[in-house]
Amino acid sequence: MIDLHTHSLFSDGVLVPSELVRRAFMKGYEVIAITDHGDASNLDFIIPRVTAACRELGKRWKIRALPGIELTHIPPETFGALTKKARKLGAMIVVAHGETLVEPVEPPVVSPPQPLSGARSVIAAPMSATRAANALTILDMCPPSR
Ligand SMILES: [Zn+2]
């Protein structure tokens, strides 16, 4: 099993990264990405810490823990620059926060997002006009390297 969208207490999760990864490992997950909510204010706080935890845990347990970030409620035109910053800080996966019906949302996007320049692989799913609750778009992801 693989989960590329989880949250630790660095955003709205309740577990430290070690406990989150350990619980995933005990449930049989092979890969987990820790993708806490981030914006321009906290990428440099979250990503290095999660990266350090993932690096250490990956040496000890047979689970691949990927450091990532979920860019959340940022102006759409800043996704590219913040994705680049996140990658420089060590994020192996960058996802975009989906909007839920209880959050303030922008009008529906009718055109699909454009691929980011320099992205190694992009699995960008266009947002539908009726954005599903908790929809998630993977903006950028490194191939696994070990
Ligand atoms: Zn999320």
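**View 1. Strand 4 pairs with strand 5 in this predicted model.** The two strands run parallel and share four bridges. Strand 5 covers residues 93-96. One residue pair to look for is Leu71 opposite Ala96 of strand 5. Helix 3, residues 79-89, belongs to the connection: strand 4, this helix and strand 5 form a β-α-β unit of right-handed sense.

**View 2. Strand 4 also pairs with strand 2.** Strand 2 spans residues 31-34. Its pairing with strand 4 is parallel and counts four bridges. Val31 has Arg64 of strand 4 as its bridge partner.

**View 3. Strand 3 meets strand 4 through two bridges.** Strand 3 consists of residues 37-38, and its pairing with strand 4 is parallel. His37 faces Glu70 of strand 4 across the pairing. Helix 2, residues 43-60, joins strand 3 and strand 4 in a right-handed β-α-β unit.

**View 4. Strand 4 itself is mostly covered.** The strand runs from residue 64 to 71. Of its eight residues, seven are buried. In a regular strand, side chains alternate between the two sheet faces.

**View 5. Ser8 sits in a loop between strand 1 and helix 1.** Strand 1 is residues 2-6 and helix 1 is residues 17-26. Is Ser8 buried or exposed? Ser8 is buried, because 22 C-beta neighbours lie inside 10 Å and the cut-off is 20 or more. Beyond its neighbours within four places in sequence, Ser8 has contacts that include Gly13, Leu15, Ile34 and Asp36. His37 lies 29 residues from Ser8 along the chain, yet their C-alpha atoms are 9.4 Å apart.

Note on methods. Residues are numbered from 1 along each chain as its sequence is written. This is a predicted model: local features need pLDDT of at least 70, side-chain atom pairs count only at pLDDT 80 or more; totals for chains, interfaces and linings use all residues. A residue is buried if 20 or more other C-beta atoms lie within 10 Å of its own, exposed if 12 or fewer, and partly exposed in between; C-beta atoms are placed from the backbone. Two strands pair if DSSP finds at least two bridges between them. A crossover is right-handed if, with the strands pointing away from the viewer, the path from the first strand over the helix to the second runs clockwise. Two residues are in contact if their C-beta atoms, placed from the backbone, lie within 7 Å.
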